[in-house]
Amino acid sequence: MAHRPRFAMFALLALTPLSAQAETAPVAGAARAGADLPDPERLALAQQVIAIVLPPDQAELTVTRMMDAITAPMIASAGAKFDSDPGLKTIWASFIDQVTATARETMRSLIPRMRVAYSVAYARHFTRDELTQILAFGKTPTGAKYLSRASELMQDSSIKALMVQSMNQTTDKMQPAIESFKVRIKAYLAAHPEVAKKLAQ
């Protein structure tokens, strides 16, 4: 149990670069391989769908909600250990504010590329007829609400509580593997001091 905050914090710190890679990879892939580019008609339909999923005037808010849905369980799981001490809790809160602000700034800068990436992904994974049906649904009040707010469901208290519980249980079950990993790394570095020296630079 003692390693839970450290493990969750590592996952949280890794989140921002992973998010950037996940969102920009489809665009980069499309640019590298023209043959992989979707049919222009499907891409045009997909762009109309994404205009509903990420409305230009609400894109920043939508992306923030998506990011919060991912990070909230990590923060809750890692921060629980510090709740018993006011000093540690304050330090943790300050750290989270800093990380969150940096992550949000990064994600805001990626919104234009994200819209392109989502459009390409939708065009690749849905047929013309399917995109037409999705778009027709998205143009209804219910469809527009669903497409633009589906990510918010991850913020529902019932789902967040279950995700925190899942992360805690997974971390507990992983402790033997984590300890074994640490032992193996320590032994490897002891046997290969040149590697340890390089890592310390």
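Visitor: Is E60 buried, partly exposed or exposed?
Guide: Keep in mind that we're looking at a predicted model. Buried would take under 20% relative accessible area and exposed over 50%. E60 comes in at 43% relative accessibility, so E60 counts as partly exposed.

Visitor: Which side chain does E60 meet in a salt bridge?
Guide: Here's the general idea: side chains of opposite charge can pair when their charged atoms come close. For E60, the N to O distance in the salt bridge is 3.7 Å, and the cut-off is 4 Å. The partner sits in helix α4, while E60 is in helix α3 (residues 59-79), 48 residues apart. That partner is R108.

Visitor: And how accessible is R108?
Guide: Partly exposed is the band between under 20% and over 50%. R108 falls in that band, so R108 is called partly exposed, with a relative accessible area of 37%.

Visitor: How many salt bridges does a search of the whole structure find?
Guide: You've just met one of them, E60 with R108. Another is K182 with E179, with the closest N and O atoms 3.7 Å apart. Searching the whole structure gives a total of four.

Visitor: About how many helical turns separate K182 and E179?
Guide: Both residues belong to helix α7 (residues 157-191). They are three residues apart there, so the separation is about one helical turn.

Visitor: How far apart are the closest N and O atoms of R128 and E41?
Guide: This pair links distant parts of the chain, with R128 in helix α5 (residues 128-138) and E41 in helix α2, 87 residues apart. Even so, the two form a salt bridge. Their closest N and O atoms are separated by 2.6 Å.

Visitor: Which residues are linked with E41 in a network of salt bridges?
Guide: R128 is one, as its salt bridge with E41 shows. The network also takes in an Asp, so the names to remember alongside E41 are R128 and D129.

Visitor: What word describes the way α2 lies relative to α4?
Guide: Helix α2 (residues 40-53) and helix α4 (residues 86-125) pack at an angle of about 125°, with axes 8 Å apart. Angles of 65 to 115 degrees would be roughly perpendicular and over 145 roughly antiparallel. The angle here fits neither, which makes α2 oblique to α4.

Visitor: How many nonpolar residues are in the contact of α2 with α4?
Guide: On the α2 side, L43, A46 and V49 are among the residues that meet α4, whose own contact residues include Y118, V120 and A123. By class, the contact has three charged residues, three polar ones, and nonpolar ones numbering ten.

Conventions: Residues are numbered from 1 along each chain as its sequence is written. This is a predicted model: local features need pLDDT of at least 70, side-chain atom pairs count only at pLDDT 80 or more; totals for chains, interfaces and linings use all residues. Side-chain values use heavy atoms; hydrogens and water are left out. Axes are lines fitted to C-alpha atoms, for helices over the stretch in contact, and angles run from 0 to 180 degrees between N-to-C directions. Helices (H or I, at least four residues) and strands (E, at least two) are DSSP runs, numbered from the N terminus. Angles under 35 degrees count as roughly parallel, over 145 as roughly antiparallel, 65 to 115 as roughly perpendicular and the rest as oblique. Contact means heavy atoms within 4.5 Å. Ala, Val, Leu, Ile, Met, Phe, Trp, Tyr, Cys and Pro count as nonpolar, Asp, Glu, Lys and Arg as charged, and the others, Gly among them, as polar. Buried means under 20% relative accessible area, exposed over 50%, partly exposed in between (1.4 Å probe, protein chains only).
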